[in-house]
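Please look over the sequence and the 3D structure below. A short report follows, with one topic under each heading.

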Amino acid sequence: MAIFGLWVINKAGGLVYHRNFADGLAQLTSNEYLVLAGTLHGIHAITSRLSPMGSSSGAQVIEGESFKMTILLTATGTKFVLLTSLAESSAEATLQKVYETYSDAVMKNPFHTPEMPIRSEVFDVRIAALIGSGQS
């Protein structure tokens, strides 16, 4: 089981944070990450409207042949995306802890502007400790 990467996407679909944790992901340019985040934002919006059961929060898990994307949508529209191996079973719990870390280290920072790129050493260190402890 492995956690490959973490993305944070703002409510407008812009990538405000990304970090890779393990080998296995293709090395992408900053522009390619921005395009992927915008595309995922659009797919998420479409899936929220396609639900046959009425209102939906959109896609929560997208699986490929060799990886899984788990998406946590917050009340403010921010999306946290965890890229993991297919065998990873704790992605939802990890995303919830990432969201708690984001709330504490980023949103309580008076120098951070919401919806803008996250540039917080405290957040980086706490995410590295959280994800690093979950690697096996």
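## Helix H2 and its buried residues

This is a predicted model. In H2, the buried residues are Ala-91, Thr-94, Leu-95, Val-98, Thr-101, Tyr-102, Ala-105 and Val-106. An α-helix has 3.6 residues a turn, so residues three or four places apart point the same way.

H2 covers residues 91-107, which is 17 residues. From first C-alpha to last, H2 reaches 22 Å. That is close to the 24 Å expected at 1.5 Å a residue.

## Leu-130 on helix H3

Helix H3 spans residues 121-134. Leu-130 is found in H3. Leu-130 counts as buried because its relative accessibility is 18%, and the cut-off for buried is under 20%.

Which residues does Leu-130 contact, leaving aside neighbours within four places in sequence? They are Thr-94, Lys-97, Val-98 and Thr-101. Among these contacts, Thr-94, Val-98 and Thr-101 are also buried residues of H2. Leu-130 and Val-16 are 114 residues apart in sequence. Their C-alpha atoms are 19 Å apart in space.

## The loop between H2 and H3

His-112 is found in the loop between H2 and H3. Is His-112 buried or exposed? His-112 is buried, at a relative accessible area of 15%. Beyond residues up to four places away in sequence, His-112 touches Val-106, Met-107, Pro-117 and Ile-118. Of these, Val-106 is a buried residue of H2. The C-alpha atoms of His-112 and Leu-72 are separated by 21 Å. Those two residues lie 40 residues apart along the chain.

Glu-115 also has its place in the loop between H2 and H3. Glu-115 counts as partly exposed, at 30% relative accessibility. The backbone of Glu-115 deserves a look. Most residues other than glycine have a negative phi. Glu-115 is not a glycine, yet its phi is positive, at about 75°.

## Strand E4: Thr-70 and Ile-71

Strand E4 runs over residues 68-73 and holds Thr-70. Ile-71 has its place in E4 as well. Thr-70 is buried, with a relative accessible area of 2%. Ile-71 is buried too, with a relative accessible area of 8%.

What does Thr-70 touch, not counting residues up to four places away in sequence? The partners are Gln-60, Val-61, Phe-80, Val-81, Leu-82, Ala-91, Glu-92 and Leu-95. On the same basis, Ile-71 touches Leu-40, His-44, Ala-59, Gln-60, Ile-62, Lys-79, Phe-80, Val-81 and Leu-95. Leu-95 is a buried residue of H2, and both Thr-70 and Ile-71 touch it.

Two distances place these residues relative to the start of the chain. Thr-70 and Leu-6 are 64 residues apart along the chain, and their C-alpha atoms are separated by 9.8 Å. Ile-71 and Phe-4 are 67 residues apart in sequence and 14 Å apart in space, C-alpha to C-alpha.

## The whole chain

The protein chain has three helices and five strands. Along the sequence, they follow the pattern β-β-α-β-β-β-α-α.

How does the radius of gyration agree with that of a compact globule? With 136 residues, a compact globule would have a radius of gyration near 14 Å. The protein chain has 14 Å, so the two agree. Along the principal axes, the C-alpha atoms fill a box of roughly 40 × 35 × 30 Å. Of the 136 residues, 36% count as buried. Take the contacts between residues at least 6 apart in sequence: 48% of them join residues at least 24 apart.

## Surface and charge

The accessible surface of the protein chain comes to about 7700 Å². Carbon and sulfur atoms account for 57% of that surface.

How many charged side chains does the protein chain have? There are 9 positive and 11 negative side chains. The centres of the two sets lie 8 Å apart.

Terms used:
Residues numbered from 1 in each chain as written. Predicted model: local features only at pLDDT ≥ 70, side-chain atom pairs only at ≥ 80, totals over all residues. Heavy atoms only, no water. Helix = DSSP H or I, 4+ residues; strand = E, 2+ residues; numbered from the N terminus. Rg over C-alpha atoms; globule rule 2.2 N^0.38 Å. Buried < 20%, exposed > 50% of the residue type's maximum accessible area, 1.4 Å probe, protein only. Contact = heavy atoms within 4.5 Å. Areas by Shrake-Rupley, 256 points an atom, 1.4 Å probe, with all protein chains shown as cover. Lys, Arg positive; Asp, Glu negative; His and termini not counted. Charge placed at Lys NZ, Arg CZ, Asp CG, Glu CD. Expected span 1.5 Å × (residues − 1).
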